[in-house]
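Grab a coffee and work through these exercises with the model open beside you. Each task comes with a step-by-step solution.

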Amino acid sequence: MPPRIRAPALQPPNTTYTPSTRFQCPYHPSSQARPFSNSTPHASRLRRRMFAWLQGPGRAFKEPLPGSTNYLGAYDRSGALIRGRGLERRAQGQREEGKHASDGAEDEAVGVDALTEEKERLEREAKEKREGELPPETLEDLRPFPLNREFRSQAVLSEELREAIWERVVKRGSVRGVSAALGVAMERVAAVVRLKEVERNKPLALPYARAVLAMLPQTPLDTRIKPRPHESINDLPVHQATTTQLFHPVSESRHFTRVDAGLVFDSRLPLLPADARIPHPELVAQAGMTRTEVLEAQKALDEKEKEERRLREEKRKKREAKNKVVQGRRWDFVFQEVSVESVGEDGRSAKGVGWRYGFPHEDRKRGQVKIPRRVEA
Amino acid sequence: MRRKVPHGLKRPKVRQTWNKYNLYNISRMQTPTAYDKTFFQQKWKAKALTRAYHGEQIKEKHWERMFRRSIPAVVPMDHEYLAKHDGSELAAGRGSGLDEAEKGRSPAKTPYMQMTFHPTERRLDTAIFRALFASSARQARQFVTHGFVKVNGKKMRYPGYMLNPGDMFQVDPERVMWATGARKDQDKYETSGEYMTTPEENEPVDEVAEEDEDADTAATADAESTPTADATEATERTPEELRKNLTALMEQAKTYLKDPKDLSPKQKIELRSFRTNLKRAISRNKATESEADDYESQLAALTAQVEELTKEQAKLLKEALQRAHENPYDPSKPYLTPWAPRPYMSAFAFIPRYLEVSHNICSAVYLRHPVARPGLAEVPTPFHKETNQLAHAWYLRRR
Amino acid sequence: MVVRIRLARFGKRNAPFYNIVVAHARTARNSKPLEVLGTYDPIPKPPRPGDEGGRPWKDIKLDTSRAKYWLGVGAQPSDPAWRLLSMAGLLEPRYRVAQIQEEKAKLEPSAAAETSAAAAKA
């Protein structure tokens with residue numbers, strides 16, 4: 001039986017292409033890549049749509065938008081920048097004007113010194129830049145995921161602010177004080193100092209860092225006395241006990257405070273009130289003070305922090321001084337004094353010195369987690 | 001790890017990558033319909049979608065062990081309010097109708113459900129992707145297993161390492177530049193025409209681009225001919241000649257300051273000679289033959305000679321020279337040089353607040369675990385809260 | 001039977017770790033000893049944060065008084081144990097580290113004398 005030939009009418013319409021409208025795949029664009037084959041790879045309707053989107057509305061995302069972030073949330077369906085709509089129209093008008101002006105300028109500029117021309121051009125560009133600058137991003141523009149309205153790209157510390165944090169911590173010697181003064185969380189201040197220390201003796205990947213920072217929203221350095229905070233520094237963690245509902249009738253006349261509320265959860269081990277659980281409780285104490293008093297209080301706190309650090313350091317040094325250090329050729333041998341009694345009566349105490357006897361290693365066993373839990377800094 | 005279809009268009013799954021397919025999928029993403037599905041079906045679908053994004057490299061059993069029904073959250077407190085009130089103001093006057101007056105204002109809700117996948121953000125590979133050191137979570141994972149990542153200064157080869165608050169992780173900057181930079185063979189695709197669309201649509205665009213490029217190359221060729229011609233001249237030079245030379249160099253500088261991806265390979269090679277030319281121009285000028293070998297002081301000395309050089313022009317030259325110094329053309333690198341970000345990177349460029357990143361040294365510190373706060377969830381997830389809620393309900397194992 | 005002070009290797013492949021033990025000479029290396037005097041970690045650790053010289057270091061834990069007692073009752077240290085105990089100052093040094101120490105001690109007084117002489121001249 002001869003093979004059955006399908007009637008052309010039965011073929012689905014979207015698989016037939018005329019050569020002129022055929023989609024060409026970008027990954028095999030040249031015939032040199034596949035000299036043996038003339039056929040273009042299969043391009044489905046979906047792929048065509050995708051490339052149409054990438055050429056149309058998606059084109060804006062290919063390159064970063066100079067001087068701004070460039071997220072999906074900032075564009076409408078047709079790929080126009082929402083906050084730049086009025087601007088575009090204005091710029092178009094200006095461009096036409098500018099064209100006429102530059103035509104005239106070119107005629108005059110024949111024979112004029114190249115440097116003066118350059119100067120004029122720069123001025124013109126600067127003017128255009130000032131007028132054509134995009135308005136700052138709204139919260140809507142900072143959404144990288146259109147469906148998720150609860151997430152937005154948050155600002156990172158600018159290079160100047162990081163430098164300022166490092167300088168202040170070095171000068172003032174207090175992470176807490178700098179954190180409160182600049183509105184940056186304490187962990188972040190400490191991390192910036194740590195990273196800056198590493199940065200000092202390492203080659204920098206500057207082109208990468210610049211390009212990435214240009215794509216991100218940034219918190220600039222604010223030199224005012226009360227700068228705009230980078231983030232909220234007094235975050236109260238939600239206690240697990242408070243996530244369920246709890247009914248506790250209280251008479252209306254009773255003066256029911258935060259401390260009382262903490263007692264409701266557990267009378268013997270009450271929850272601490274918010275002013276004790278926030279990272280910067282000293283700010284609550286300083287709220288009613290005058291400016292000079294605040295400065296004094298902060299100074300005292302800084303001193304206290306420094307003193308604590310000094311004591312810690314002293315303690316460590318004292319502990320280390322007990323150790324006997326023998327200098328070798330390439331390394332030191334540090335002898336630490338221990339006691340054999342620490343193994344306990346039966347010789348099996350976990351606190352005892354040395355590798356324990358009679359305790360099997362289970363690190364090769366099936367089902368044991370072999371990934372380290374922590375890495376000591 | 002089972003190999004999965006990375007970027008399907010038929011049944012699209014959104015992944016943790018900067019791929020353009022993925023961007024397209026995010027842009028047309030919709031919350032799945034619920035009216036024609038049972039609750040189980042809704043949860044199943046939501047689980048499938050969310051798991052394709054959040055740690056698709058993690059085995060399902062492993063993720064089930066990682067899942068926590070409790071979700072960390074914080075409430076920002078105002079210290080001035082705390083100092084002013086002791087908490088009794090919330091209850092005061094409740095019985096006499098005061099609470100009725102307050103009904104109008106409602107504080108922003110804390111999006112707990114958007115935090116369903118918060119344990120995955122603690123993983124080392126995810127954190128590397130979030131810090132913009134890799135272009136996908138899979139690539140980040142490969143960096144870890146191939147030994148390019150250090151945690152607290154020690155090599156860490158486990159992508160599933162759960163970062164502790166205060167851990168610093170570093171990725172080899174060369175790897176990061178490769179992962180986030182444009183492809184080396186980009187120009188081959190750019191100049192080959194008919195890029196991503198039908199030929200009819202593309203032709204006029206390409207013609208214009210080619211014309212532009214031609215003009216540019218002509219400009220640079222002219223510019224280059226001036227200094228090379230000068231090289232044959234006698235060593236003594238008048239300020240005018242110097243100025244002429246500088247103008248030519250400036251032309252080159254301008255081309256150089258353009259986005260490096262717009263340049264043709266030929267231009268790039270020409271631009272490599274820019275630095276050499278400028279250096280030669282500086283060294284041939286007798287007055288500036290000082291010992292100072294850093295280019296900035298040399299340039300300052302040179303610009304001081306020519307009064308007509310405006311500040312902007314001097315700045316332009318300096319900037320171009322510095323850029324050439326920091327971001328040189330280097331064919332030995334596996335990525336496009338001068339370095340430029342890869343396409344479609346900017347749409348994905350965000351850094352969550354639980355990381356503090358120093359891009360200069362490709363290092364970051366994991367500050368704390370991600371938290372939810374009123375109106376904001378710190379876990380970056382492309383899904384609607386309903387989808388995440390359904391996924392959360394799935395893993396509560398009450399089905 | 002002879003009592004020896006010796007090292008018992010624990011740890012893993014490429015990550016040795018030793019217990020300094022007192023044991024009968026003919027017992028197996030890792031069998032339960034009479035007493036564990038301390039430990040010796042032969043892998044150098046990166047310099048301590050407060051350290052001025054920035055030199056790597058090796059961690060040794062030792063109960064000196066018990067070690068002295070065992071030496072006093074005639075326990076015989078093995079060669080590596082001798083090396084460690086001599087560094088701790090419990091035995092006469094036989095090996096390099098101690099030699100270098102001695103040389104240094106010899107050099108230092110002369111260097112100190114030179115500087116003082118120079119100061120006096122100035």
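**Exercise 1.** Work out how many residues of chain C are in contact with chain A, and which elements of chain C supply them.

*Solution.* Start with the contact rule: two residues are in contact if their C-beta atoms, placed from the backbone, lie within 7 Å. By that rule, 27 residues of chain C are in contact with 20 residues of chain A. Next, list the elements of chain C that give two or more residues to this side: strands S2 (15–24), S3 (35–45) and S4 (57–62), plus helices H1 (64–72) and H3 (96–121). Helices (H or I, at least four residues) and strands (E, at least two) are DSSP runs, numbered from the N terminus. Finally, sort the chain C side by residue type: 13 are nonpolar, six polar and eight charged. Here Ala, Val, Leu, Ile, Met, Phe, Trp, Tyr, Cys and Pro count as nonpolar, Asp, Glu, Lys and Arg as charged, and the others, Gly among them, as polar.

Before going on, some housekeeping: this is a predicted model, where local features need pLDDT of at least 70, side-chain atom pairs count only at pLDDT 80 or more, and totals for chains, interfaces and linings use all residues. Residues are numbered from 1 along each chain as its sequence is written, while chains are lettered from A and ligands numbered from 1 in the order in which they are written.

**Exercise 2.** Trace the sheet that contains S4(A) and S5(C), strand by strand.

*Solution.* Set the pairing criterion: two strands pair if DSSP finds at least two bridges between them. Now write down the order, S4(A)-S5(A)-S4(C)-S3(C)-S2(C)-S1(C)-S5(C), which gives an open sheet of seven strands with mixed pairing. At the edges sit S4 (324–327) of chain A and S5 (76–77) of chain C, each pairing on one side only.

Then look at where the chains join: S5 of chain A (residues 332–337) runs parallel to S4(C), and six bridges link them. For a checkpoint, A:Glu337 has C:Leu62 in S4(C) as its bridge partner. Step along to S3(C) and S4(C), and the pairing is antiparallel over five bridges; there, C:Asp41 is partnered by C:Asp59 of S4(C).

Last, add the helix. H1(C) lies across S5 of chain A and across S1 (3–12), S2, S3 and S4 of chain C, at about 120° to S3(C). That angle is taken between N-to-C directions, from 0 to 180 degrees, with axes as lines fitted to C-alpha atoms, for helices over the stretch in contact.

**Exercise 3.** Summarise the make-up of chain C: which pattern does its secondary structure follow?

*Solution.* Count first: three helices and five strands. Reading along the sequence gives β-β-β-β-α-β-α-α. For burial, 26% of the 122 residues of chain C count as buried. A residue is buried if 20 or more other C-beta atoms lie within 10 Å of its own, exposed if 12 or fewer, and partly exposed in between.

**Exercise 4.** Find how chains A and B meet, then locate the largest nonpolar core.

*Solution.* Begin with the contacts: 90 residues of chain B are in contact with 84 residues of chain A. Helix H1 (residues 20–27) gives the most to the chain B side, with six residues. That side divides into 47 nonpolar, 27 polar and 16 charged residues. There are strands involved too: S3 of chain A (residues 235–237) and S1 of chain B (residues 74–76) run antiparallel, joined by three bridges. Within S1(B), B:Val75 is the bridge partner of A:Leu236.

Now the core, meaning a set of buried Ala, Val, Leu, Ile, Met, Phe, Trp, Tyr and Cys residues joined through C-beta atoms within 7 Å. The largest one has 99 residues, and those with the most contacts inside it include A:Ile165, B:Leu124 and B:Ile128. A second, separate core of 26 residues includes A:Phe335, A:Val353, C:Val36 and C:Leu85.

**Exercise 5.** Is B:Tyr344, with its positive phi, buried or exposed?

*Solution.* Place the residue first: B:Tyr344 is in the loop between H14 and S5 of chain B. Its phi is about 65°, although it is not a glycine. B:Tyr344 counts as buried because it has 23 C-beta neighbours inside 10 Å.
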